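The report that follows takes up one protein chain, moving from a single residue to the interior and then to the chain as a whole. Please read it with the sequence and the coordinates at hand.

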Amino acid sequence: MPPPLQSSLYFPMDNPTILSLLHPTPGEKHKNSSNGGALLRMFKLFPMLTSGCKMGKPRRKPLLNHTAATCTIFGYRKGRVFLAIQADPKCVPMLVIELPMLTSVLQKEMESDVVRIALESETKTHKKKLLEEFVWAVYCNGRKMGHSIRKKHLCDDELHVTQLLRGVSTGAGVLPTLNHKESSDGELTYMRARFERVVGSKDSEALHMINPDGAPGPKLSIFFLRSY
């Protein structure tokens, strides 16, 4: 069973809404991906892996599957981290957010083996679905990191990553970059995995990483919350 959530002065990570999303619904089983070690260990080491998939225009599929999603965490070593959520690797991401933290900071958080990222909507409208909200306060392991805005359009780097990883369901490594950015920002790194989706209500849901080595309990969880 994962360790209890840490509370903070900024965000009650032990509130009932978060706790209700911590575990998948009873009776559901995690599916194992291909072997090769835990993705979090791969993310910390960043082995020199590149994708051999062909470039092409991703197929558009706007809605997430009811029980699973593909999440990709990517960014330059010296830059900020991006989070992309897709129904599957061949779809255009339905949500891309530049998280207010550096890749090096996220790597340090992952040394604890349990990472919980919470995004709390600050637009608070009834007209949008939860993942369609634009402004988010971002917390990592109970600490407020800053604010993010959901991207309306993908930039060249984000399209580049999406296209290169069309044929990749799980993995972590280094991708070829555009315009030789590695000279100033470092290498373009990524981690991709399948996540189990747990919907608490129209205002709360969570994504729990499906561990490829069969380890009990999610090691990386992403929470989305909206309060009025």
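## Asp-157 and its surroundings

Leaving aside residues up to four places away in sequence, Asp-157 touches Tyr-76, Leu-178 and Lys-181. These contacts, like everything else reported here, are read from a predicted model. Asp-157 is part of helix H4, and the residue counts as buried because its relative accessibility, at 14%, falls under the 20% cut-off for that class. Thr-177 stands 20 residues from Asp-157 in sequence, while the C-alpha atoms of Asp-157 and Thr-177 are 7.9 Å apart in space.

## The cavity

How many cavities of 30 Å³ or more does the count give? The count comes to one, and the largest cavity holds about 30 Å³ of space. The lining of the largest cavity is made up of Thr-72, Phe-74, Ala-84, Gln-86, Glu-158, Val-161, Thr-162 and Arg-192, a set that divides into three nonpolar, three polar and two charged residues.

At least two lining residues come from each of strand E1 (68–76), strand E2 (80–86) and helix H4 (156–164). Helix H4 gives the most to this lining, with three residues; Asp-157, described above, is found in that helix as well.

## Nonpolar cores

In soluble globular proteins, nonpolar side chains tend to be buried together. The largest nonpolar core in this model has 29 residues, of which Leu-99, Ile-117, Leu-119, Leu-220 and Phe-224 touch the most other members. Strand E3, which covers residues 95–102, gives the most to this core, with four residues.

Another core, of twelve residues, lies apart from the largest one, and its members include Phe-74, Val-96, Val-161 and Tyr-190. Two of the residues just named, Phe-74 and Val-161, also appear in the lining of the largest cavity.

## Aromatic pairs

A search of the whole structure finds two aromatic pairs. Phe-74 and Phe-82 form a stacked pair, with 5.4 Å from centre to centre and 10 degrees between the planes, and both Phe-74 and Phe-82 are buried.

Trp-136 and Phe-224 form an edge-to-face pair, with 5.6 Å from centre to centre and 80 degrees between the planes. Trp-136 belongs to strand E5 (residues 135–140) and Phe-224 to strand E10 (residues 220–226), so this pair ties together parts that are 88 residues apart in sequence. Trp-136 is buried, as is Phe-224, and Phe-224 is also one of the residues that touch the most other members of the largest nonpolar core.

## A positive phi at Asn-141

Asn-141 is a residue other than glycine with a positive phi, near 50 degrees. Asn-141 sits in the loop between strand E5 and strand E6 (143–149), where the residue is nevertheless buried, with a relative accessible area of 13%.

## The chain as a whole

The secondary structure of the protein chain comes to five helices and ten strands, and 51% of its 228 residues count as buried. Among the contacts in the protein chain with a separation of 6 or more, 61% are between residues 24 or more positions apart. The pair of Trp-136 and Phe-224 offers one example of parts that are far from one another in numbering, at 88 residues apart in sequence, being tied together.

Technical notes. Residues numbered from 1 in each chain as written. Predicted model: local features only at pLDDT ≥ 70, side-chain atom pairs only at ≥ 80, totals over all residues. Heavy atoms only, no water. 1 Å grid on protein atoms, 1.4 Å probe; cavity = no way out; pocket = protein on both sides within 12 Å on 5 of 7 lines; lining within 4 Å. Points joined across faces, edges and corners; volume = space filled by probe spheres on them. Nonpolar A, V, L, I, M, F, W, Y, C, P; charged D, E, K, R; others polar. Buried < 20%, exposed > 50% of the residue type's maximum accessible area, 1.4 Å probe, protein only. Contact = heavy atoms within 4.5 Å. Core = buried A, V, L, I, M, F, W, Y, C linked by side-chain atoms within 4.5 Å. Phe/Tyr/Trp six-rings, centres within 6.5 Å; stacked < 30°, edge-to-face > 60°.
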